Structure formats: structure tokens, C-alpha cells
Amino acid sequence: MADELVREVHPVSLTTQSHYRIKRRFWSFLERIFRVYTADGQLIMFVKHPVLKLREEFQVYADEARTRPLLLVKSRQVIAINFAYEVTDAQTGQVLGAVQKKGLKSIIRDKFIIFDAAGAEVGYAEEQGASLLRRFLPWLTSKHAIFVGGEQVAYIKQRFRFFTKEFDVDVQPSSLDPRFVLAVALLALIAEARREDRN
């Protein structure tokens, strides 16, 4: 796994980035590990997402050693159909926004409602393409799109790989903090991983 220990060279301004790559292992057992890279291969986000935890909460770090916390993602409920996750800046405690999964609608196609820091609904993230087929054939590649104010601001497309899950993320400028946009993308991919683990 030496190729996963990619450069952590210097702080990256996400406002200047438009392309990212997210990687995780194909199979996960007690935890799911996600790594987010810039287009030139620099690691900018590291997530060790717990599988067996009653209340979902995890940190997003800027480094694999987990010494530089970036974000805290925390579920507002322990049990619910429409789970809501609040995303905060791990250093300042400032709320960047919230994401609510539409539980029943997500049976066929994952959908998340996006709220800004003030709690106003501003957009949504939705699984694209042959979502129903992927419920039965999980090796089919997935696609997700994020919309804010009626405009698409991010597109997540899986690359076919045999032993890893790899996703290209293209981002457009929007009213949302780019860290929050990447957190929405991660939540969509975590929901997908959770579904695959059940199959």
C-alpha cells in the first residue's frame, strides 16, 4: 500500500482546486478509510470512518497521521429514517452546513438535501445513472452530482478498478465552503459503501 502514502507537501487552498480524487479499499470490515487527493496527487483529506458505532461521528483530517483535524461530521440522531449530518470546522467549531439523507427515496436512488450554515435549504446531492441496477450489481461504477441553487457544482464519477474504489470529483465555485462540498461527496460515498457492505 506504499502508493497510498502520497505526498503531504504543504497546505493546499481548496478555493484554487477544481479536481480531486477519492480512494478507498474495495472491501471494508471494522472501518472504512477514505483518502482525498488533489489533481497532482497531494493528500488533503483523510477519513477513518467507523462501521460499528451507534451514533455516527467522524473527523476529517488533513494528514494520514491524524494530527491536523479539518472537519467534524456528526449525525444529529441515533435512529432515524432521514439522517441529518452537521459539518463543522474542527478548529473553530463553526458550522459549515448540514446534509440530510432522504431515507425512503434513497432505496432506489440516494438523495441528500443540503443546508447552508444558517440552516436554509440550498441544494441537494443525488446518485445518477443506473442506480437501481447498482443495488443488485455493486461492481457497476457509480455517479453522483451536487446541485446548489439549481446549478451543478460538483460531479463524482467512479473509475473502474479491481482492488480499490476510486472516484474523480470535479468541483465548480459556489456559495458553499469547498471543504463542505467535499464532505457532502464523502457522505454520498459512505452511504454507497454502507449499502455495498450489507449486500
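What pattern does the protein chain follow when read along the sequence? The order is β-β-β-β-β-β-β-β-β-α-β-β-β-α. Welcome to this structure, which is a predicted model. Its protein chain holds two helices and 12 strands, and the points below go from the whole chain to one stretch of paired strands.

**The chain as a whole**
- The protein chain has 199 residues, and 45% of them are buried.
- About 10200 Å² of the protein chain is accessible surface, with carbon and sulfur atoms providing 57% of that area.
- Among contacts with a separation of 6 or more, 38% link residues that sit 24 or more positions apart in the sequence.

**Strands S10 and S11**
- Strand S10 covers residues 143–148 and strand S11 covers residues 151–159; these two run antiparallel to each other, joined by six bridges.
- One residue pair to look for is isoleucine 146 with alanine 154, its bridge partner in S11.
- S10 and S11 form a hairpin with two residues between the strands, and here glycine 149 adopts a positive phi near 60°.

**Strands S11 and S12**
- S11 also pairs with strand S12, residues 164–171, again in the antiparallel sense and over six bridges.
- For glutamine 158, the bridge partner is phenylalanine 167 in S12.
- The hairpin that S11 and S12 form has four residues between the strands.

**A tip for viewing**
- When you look along a regular strand, expect the side chains to alternate between the two faces of the sheet.
- A handy place to begin is S11, which pairs with S10 and with S12.

Definitions and conventions: Residues are numbered from 1 along each chain as its sequence is written. This is a predicted model: local features need pLDDT of at least 70, side-chain atom pairs count only at pLDDT 80 or more; totals for chains, interfaces and linings use all residues. Side-chain values use heavy atoms; hydrogens and water are left out. Buried means under 20% relative accessible area, exposed over 50%, partly exposed in between (1.4 Å probe, protein chains only). Contact means heavy atoms within 4.5 Å. Accessible areas come from the Shrake-Rupley method with a 1.4 Å probe; for residues, only the protein chains shown count as cover. Two strands pair if DSSP finds at least two bridges between them.
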